[in-house]
Amino acid sequence: MLPTLLWMNEDEQTRALLARMRQDMPALQGIGVDCLHLSQDHVRLAAPLARNQNDKQTAFAGSLTALGMLCGWALTQRTAAGVDAAAQCAIFDVQTRFRQPVRGDLMAEVRCEHPAIARLRADLQSGRKARWTLDIQVGSNDCPDAVQLRAAYAAWLPDRS
């Protein structure tokens with residue numbers, strides 16, 4: 001954890017972690033992830049098609065899945081950081097449905113209802129590992145739901161003993 005994260009609000013913390021991940025993870029550098037929107041209940045990420053094309057000149061399935069999973073991670077991390085800046089999260093299950101090819105720049109979006117956010121935070125505050133499942137849409141401006149992910153994430157607080 002970067003020490004400066006402790007002095008940032010939840011949005012700033014999550015943006016800083018996304019920036020660090022882009023810097024430290026070659027796969028994310030390759031995809032070219034950009035955070036377009038980040039709030040308590042909504043995340044929207046983008047990546048250029050030119051860096052994520054397959055041999056059919058459409059978006060590579062791995063890039064679509066990675067962008068969607070990262071979108072859900074960003075919302076989970078941002079929510080957990082509202083409880084503790086040192087909170088961690090990870091994906092533990094994902095189901096992906098490819099409905100049609102993506103022919104434009106990639107977009108991933110996830111929204112979450114406030115009751116689910118409150119439950120995740122309450123679980124963390126009580127010292128339990130928190131879990132939730134998010135429905136994430138990935139596609140392009142022309143077809144924002146070309147790919148649908150249902151991804152399960154866990155969040156936990158560091159052991160401070």
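In the predicted model, R99 is partly exposed, with 39% of its relative accessible area retained. The side chain of R99 forms a salt bridge with D145, and the closest N and O atoms of this pair lie 3.2 Å apart. R99 is located in the loop between β3 (88-98) and β4, whereas D145 is located in the loop between β5 (130-139) and β6 (147-156), so the salt bridge ties together parts of the chain that are 46 residues apart in sequence. D145 is partly exposed as well, at a relative accessible area of 28%.

The count of salt bridges in the model comes to six. Side chains of opposite charge can pair when their charged atoms come close. One of these salt bridges is formed by R44 and E109, with an N to O distance of 3.3 Å. This pair links distant parts of the chain, as R44 belongs to strand β2 (residues 42-47) and E109 to strand β4 (residues 106-111), 65 residues apart. The relative accessibility of R44 is 23%; because the partly exposed class begins at 20%, R44 falls into that class. A further salt bridge joins the side chains of D123 and R128, at 2.5 Å from N to O. R128 is partly exposed, with a relative accessible area of 47%. Through salt bridges with shared partners, R44, E109 and R111 are joined into one network.

Strand pairing was examined next. Strands β4 and β5 pair in the antiparallel sense, over four bridges. V110 has I136 of β5 as its bridge partner. Strands β5 and β6 also run antiparallel and are joined by nine bridges. R131 is paired with A154, its bridge partner in β6. In a regular strand the side chains alternate between the two faces of the sheet.

Two packed helices are described by the angle between their axes and the distance between the axes. Helix α3 (residues 61-81) packs against helix α4 (residues 114-125) at an angle of about 55 degrees, and the two axes are 9 Å apart. Because this angle lies between the 35 degree limit for roughly parallel helices and the 65 degrees at which the roughly perpendicular range begins, α3 is oblique to α4. The crossing of α3 past α4 is right-handed. On the α3 side the contact is made by R78, T79 and A80. On the α4 side the contact is made by I117, L120, R121 and L124.

Key:
Residues are numbered from 1 along each chain as its sequence is written. This is a predicted model: local features need pLDDT of at least 70, side-chain atom pairs count only at pLDDT 80 or more; totals for chains, interfaces and linings use all residues. Side-chain values use heavy atoms; hydrogens and water are left out. A salt bridge is a side-chain nitrogen of Lys or Arg within 4 Å of a carboxyl oxygen of Asp or Glu. Helices (H or I, at least four residues) and strands (E, at least two) are DSSP runs, numbered from the N terminus. Buried means under 20% relative accessible area, exposed over 50%, partly exposed in between (1.4 Å probe, protein chains only). Two strands pair if DSSP finds at least two bridges between them. Axes are lines fitted to C-alpha atoms, for helices over the stretch in contact, and angles run from 0 to 180 degrees between N-to-C directions. Angles under 35 degrees count as roughly parallel, over 145 as roughly antiparallel, 65 to 115 as roughly perpendicular and the rest as oblique. A crossing is left-handed if the near helix is turned anticlockwise from the far one by less than a right angle, and right-handed if clockwise. Contact means heavy atoms within 4.5 Å.
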